[in-house]
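I opened this notebook to record what I looked up in the structure, entry by entry. I begin with enclosed space, then turn to helix packing and to confidence.

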Amino acid sequence: MDDEMEKEIISDNKEAEALQKKHLSMLDRLSKRQQSRSTSSTEPSTESTSSFLSRFSELKSSIESHLSDSQSVASDPSQLKPHLDKISESISDLEKLVAQSSYFLPSYDVRSSLKTVSDLKRSLENLSSELIPKKKFSFKNKASKKERDSVVPESKQSIAPVYNSVQPSYVARDSPGFRNKTGEVLVGEFKESEIGEFTISDLDSCEVRIIGCIRALFIHRLKDCRVYVGPVTGSILIEEAEGCVFAIASHQIRIHGARRSDFYLRVRSRPIVEDCNGVRFAPYCLSYGGIEEDLRGADLDAETGNWANVDDFRWLRAVQSPNWSILPENERVGILDISNSGTERCVFIIASHQIRIHGARRSDFYLRVRSRPKVEDCNGVRFTPYCLSYRGIEEDLRLADLDAETGNWANVDDFRWLHAVQSPNWSILPENERDGSVDISNSENMNEEV
Amino acid sequence: MGLLTIIRKIKKKEKEMRILMVGLDNSGKTTIVLKINGEDTSVISPTLGFNIKTIAYQKYTLNIWDVGGQKTIRSYWRNYFEQTDGLVWVVDSSDLRRLDDCKMELDNLLKEERLSGASLLILANKQDIKGALAPDEIAKVLNLETMDKSRHWMIVGCSAYTGEGLLEGFDWLVQDIASRIYVLD
């Protein structure tokens with residue numbers, strides 16, 4: 001057994017020894033091979049692909065970072081040109097490197113690095129054409145490009161400011177118009193005289209009445225005004241109005257920058273709004289003696305229905321613009337009568353069986369009347385009981401069957417307001433504003449029966 | 001105007017001219033175009049967008065582009081600049097208040113490179129309205145004398161309402177364009 005075992009061990013040892021030898025020699029060979037390889041590679045280090053690639057990518061990333069810097073350099077035009085020149089130089093250096101290394105590089109690497117170079121060149125070109133416009137166009141394109149860029153936002157911004165431009169730098173002459181007034185009634189009558197263009201501007205809480213035809217009307221900056229105008233044969237341009245009521249008739253109507261305003265229109269073409277809000281439209285309802293003739297003369301006698309065909313230049317969609325609406329019928333005023341022949345700011349103390357009042361404005365009526373009094377085309381009229389006295393008036397009243405107070409002074413029928421609610425055109429004169437008894441014993445005036 | 005364009009135009013049998021009408025809203029551009037074309041001018045809505053009219057004028061064919069002047073759509077004018085032979089700037093001579101706006105918009109327009117070769121006709125419209133400024137006064141306000149020397153321009157007083165002055169203006173414009181474009185004719 002022992003022998004056998006020993007034999008085995010020896011043989012094992014022998015085998016192991018042999019194996020180890022083999023292994024060592026292999027290691028030796030390996031290390032030798034390694035050595036020879038490493039020595040061979042150290043010598044032509046500039047000709048290795050890997051070192052070329054690392055050098056190449058180093059240069060490439062430096063060029064790329066310079067390229068991306070250019071945007072910030074661009075703010076200083078004097079530095080931009082040398083900066084771009086420098087990049088262009090480094091790109092050509094890179095190209096040279098590729099050319100020098102091409103004889104030992106695998107063809108794939110040559111192709112890919114040449115492609116990288118041309119990509120870099122292209123991005124430099126793009127950048128410089130972006131930052132410095134091409135020579136070909138430079139003298140004009142440069143200027144116009146900047147101009148155009150600055151013009152666009154300006155024209156957009158200017159929408160509000162332009163309306164606010166205070167005074168035109170050029171006023172050739174005083175053109176006819178109503179300007180810079182507060183709380184006034186302004187009346188223009190152009191029945192006989194031919195009037196050209198007319199301006200209504202910078203009014204606050206005014207009432208404007210224009211009777212007769214005018215050629216062109218400009219309205220600018222009104223606040224809380226009422227503007228009643230006869231036919232305009234040309235066009236009307238309204239800019240900036242707030243809290244106003246307009247009754248206007250024209251061939252063309254443009255409304256810019258109006259807010260919370262009502263427009264009673266007659267217009268041959270489609271009216272337009274631009275930058276408006278809360279504007280409402282209704283048909284024209286102006287009246288004065290001879291308006292029919294004026295409307296006919298201005299070719300505006302026919303209702304075209306265009307008062308409702310409003311184009312909103314700020315709302316170019318199929319659905320209704322939120323900026324304007326139709327004025328509901330029950331909120332419309334009746335006929336607006338601005339006849340000068342009409343009665344205004346008067347006080348009447350009258351007694352009769354029947355009383356009809358037409359076209360009166362801002363007047364007070366002290367009435368005794370057997371039937372219900374009637375108003376038509378009136379505005380701002382107020383009613384209160386009769387208060388006249390003179391010697392013998394009781395007898396006169398009795399003879400006229402007017403001695404009893406019927407209370408009808410307050411039962412006014414407005415023929416221009418056939419709605420259940422109280423007419424906006426008339427009211428009861430508050431007691432504290434009423435006159436006491438008016439004694440006219442020696443003279444008879446302020447007495448009118450219609 | 002490049003050489004190629006010129007040659008193309010010469011070769012074309014129909015002598016076409018592209019005319020661009022611009023100006024502030026309410027200046028009467030559409031009325032002028034319709035009046036020249038002999039159409040009814042009594043119902044004209046403010047132009048939302050543009051109108052094109054092709055008009056035979058003398059021996060030329062005018063393609064007139066009438067572009068709306070409302071403030072909202074002025075920024076679209078530039079879409080019509082390309083290949084414009086003649087530019088017509090219409091002024092409402094009775095709108096004194098907006099003459100400054102008018103000058104500003106015209107100045108911007110004339111900076112436009114694509115319009116640099118176009119002949120410029122300024123129509124001082126609405127001369128029929130009492131109180132309107134005369135053409136020489138409009139020229140003063142718009143400072144036309146200081147315009148680029150290379151620009152061919154002319155100002156004419158007119159009334160689209162009566163038609164007065166329109167033909168005088170367009171005669172000049174067409175002759176001026178023709179002398180530039182069809183010079184080899």
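Entry 1, terms. Before asking what lines a cavity, I note that a cavity is a set of grid points where a 1.4 Å probe fits but cannot get out, and that its lining residues have an atom within 4 Å of a point. The strands and helices I name are DSSP runs, numbered from the N terminus. The model I am reading is predicted.

Entry 2, the cavity. How many cavities of 30 Å³ or more does the whole structure hold? My search found one, and its volume is about 70 Å³. I listed its lining as Leu24(B), Asp25(B), Asn26(B), Ser27(B), Val90(B), Val91(B), Asp92(B), Asp95(B), Arg98(B), Leu99(B) and Cys102(B). The elements that give two or more residues to this lining are strand E4 (86-92) and helix H4 (99-110) of chain B, and the largest share, three residues, comes from E4(B). Sorting the lining by class, I get five nonpolar, two polar and four charged residues.

Entry 3, H3 against H4 in chain A. I looked up how helix H3 (residues 77-101) of chain A lies against helix H4 (residues 107-131) of chain A, and found that their axes come within 10 Å and cross at roughly 170 degrees. Angles over 145 degrees count as roughly antiparallel, and H3(A) and H4(A) are therefore roughly antiparallel to each other. From H3(A) the contact includes Leu84(A), Ile87(A), Ile91(A) and Leu94(A), and from H4(A) it includes Val110(A), Leu114(A) and Val117(A). The residues of this contact divide into 13 nonpolar, three polar and two charged.

Entry 4, H2 against H4 in chain A. The axes of helix H2 (residues 49-73) of chain A and H4(A) come within 11 Å and cross at roughly 10 degrees, which makes H2(A) roughly parallel to H4(A). Among the residues that H2(A) brings to the contact are Phe52(A), Phe56(A), Lys60(A) and Glu64(A), while H4(A) brings, among others, Asp109(A), Thr116(A) and Glu130(A). By class I count ten nonpolar, six polar and four charged residues here.

Entry 5, confidence. Where in chain A should I be cautious about the coordinates? Chain A averages a pLDDT of 80, with 78% of the residues scoring at least 70. Over residues 134-169 of chain A, however, pLDDT stays under 50, and the model has 35 contacts beyond four places in sequence for them. Residues 444-450 of chain A are also below 50, with eleven contacts in the model beyond near neighbours in sequence. Where pLDDT is low, the predicted coordinates should not be read in detail.

Conventions. Residues are numbered from 1 along each chain as its sequence is written. Chains are lettered from A and ligands numbered from 1 in the order in which they are written. This is a predicted model: local features need pLDDT of at least 70, side-chain atom pairs count only at pLDDT 80 or more; totals for chains, interfaces and linings use all residues. Side-chain values use heavy atoms; hydrogens and water are left out. Axes are lines fitted to C-alpha atoms, for helices over the stretch in contact, and angles run from 0 to 180 degrees between N-to-C directions. Angles under 35 degrees count as roughly parallel, over 145 as roughly antiparallel, 65 to 115 as roughly perpendicular and the rest as oblique. Contact means heavy atoms within 4.5 Å. Ala, Val, Leu, Ile, Met, Phe, Trp, Tyr, Cys and Pro count as nonpolar, Asp, Glu, Lys and Arg as charged, and the others, Gly among them, as polar. pLDDT is the predictor's confidence in each residue, from 0 to 100. On a 1 Å grid over the protein atoms alone, a cavity is a set of points where a 1.4 Å probe fits but cannot get out, and a pocket is an open set with protein on both sides within 12 Å along at least five of seven lines; lining residues have an atom within 4 Å of a point. Grid points are joined across faces, edges and corners, and a volume is the space filled by probe spheres set on the points.
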